[in-house]
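Let's take a walk through this structure together. Have the sequence and the 3D view open, and follow along as we go.

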Amino acid sequence: MDVGRRSAPIGEYVTFAFLRRGAANCEEVHSYVAYLPIVGYIILRNVQVVKEILAEGFLRKLGQPTKVD
């Protein structure tokens, strides 16, 4: 997962918001990006769960006894 690729649209919106001042200019894109903070919060909240699942699988494989013939 490339963090830069996922965070690029947020950076573009922030740049857009600073360059185009005024409520009328920002309202035209607000409806398209208003969901980003909510989705970002959900993703950040669940990252720990995904990391735990991946680590659990890795440690389970690491702890399996090997067969010696």
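A residue is called buried when its relative accessible area is under 20%, exposed when it is over 50%, and partly exposed in between. Glu56, with a relative accessible area of 46%, is therefore partly exposed. Arg60 lands in that middle class too, because its value is 49%. Keep in mind that this is a predicted model.

Why start with those two? Side chains of opposite charge can pair when their charged atoms come close. Here, the side chains of Glu56 and Arg60 form a salt bridge, with 3.0 Å from N to O. Both residues sit in helix α3, four residues apart, which is about one turn of the helix. Searching the whole structure turns up one salt bridge.

Now zoom out to the whole chain. It has three helices and zero strands, and from the N terminus on the order of elements is α-α-α. Of the 69 residues in the chain, 4% are buried. About 6,400 Å² of the chain is exposed, and carbon and sulfur atoms supply 65% of that area.

How confident is the predictor? Mean pLDDT for the chain is 76, with 80% of the residues at 70 or more. Element by element, helix α1 (residues 3–19) has the lowest mean, 70, while α3 has the highest, 83.

So what does α3 look like along its length? At 1.5 Å a residue, its 27 residues should span 39 Å, and the C-alpha atoms at its ends are 38 Å apart, so the two values agree. There is still a kink to look for in α3: about 35°, centred on Asn46.

Right after Asn46 in the numbering comes Val47, which also belongs to helix α3 (residues 36–62). Val47 is partly exposed, at 36% relative accessible area. To join a patch, a residue needs over 30% relative accessible area, so Val47 clears that cut-off. Together with Tyr35, Val39, Ile43 and Leu44, Val47 makes up a nonpolar patch on the surface, and the five share about 460 Å² of accessible area.

Finally, go back to Leu36, another residue of helix α3. Leu36 counts as partly exposed because its relative accessibility is 23%, a value that does not reach the over 30% asked of patch members. Where does the chain bring Leu36 and Pro9 in space? Their C-alpha atoms are separated by 9.5 Å, although the two residues are 27 apart along the chain.

Note on methods
Heavy atoms only, no water. Patch = residues over 30% accessible without salt bridge, like charges linked within 9 Å, V, L, I, M, F, W, Y side chains within 5 Å. Areas by Shrake-Rupley, 256 points an atom, 1.4 Å probe, with all protein chains shown as cover. Salt bridge = Lys/Arg side-chain N within 4 Å of Asp/Glu carboxyl O. Helix = DSSP H or I, 4+ residues; strand = E, 2+ residues; numbered from the N terminus. Buried < 20%, exposed > 50% of the residue type's maximum accessible area, 1.4 Å probe, protein only. Expected span 1.5 Å × (residues − 1). Bend = angle between axes of the 7 residues up to and from the residue. pLDDT = per-residue confidence, 0-100.
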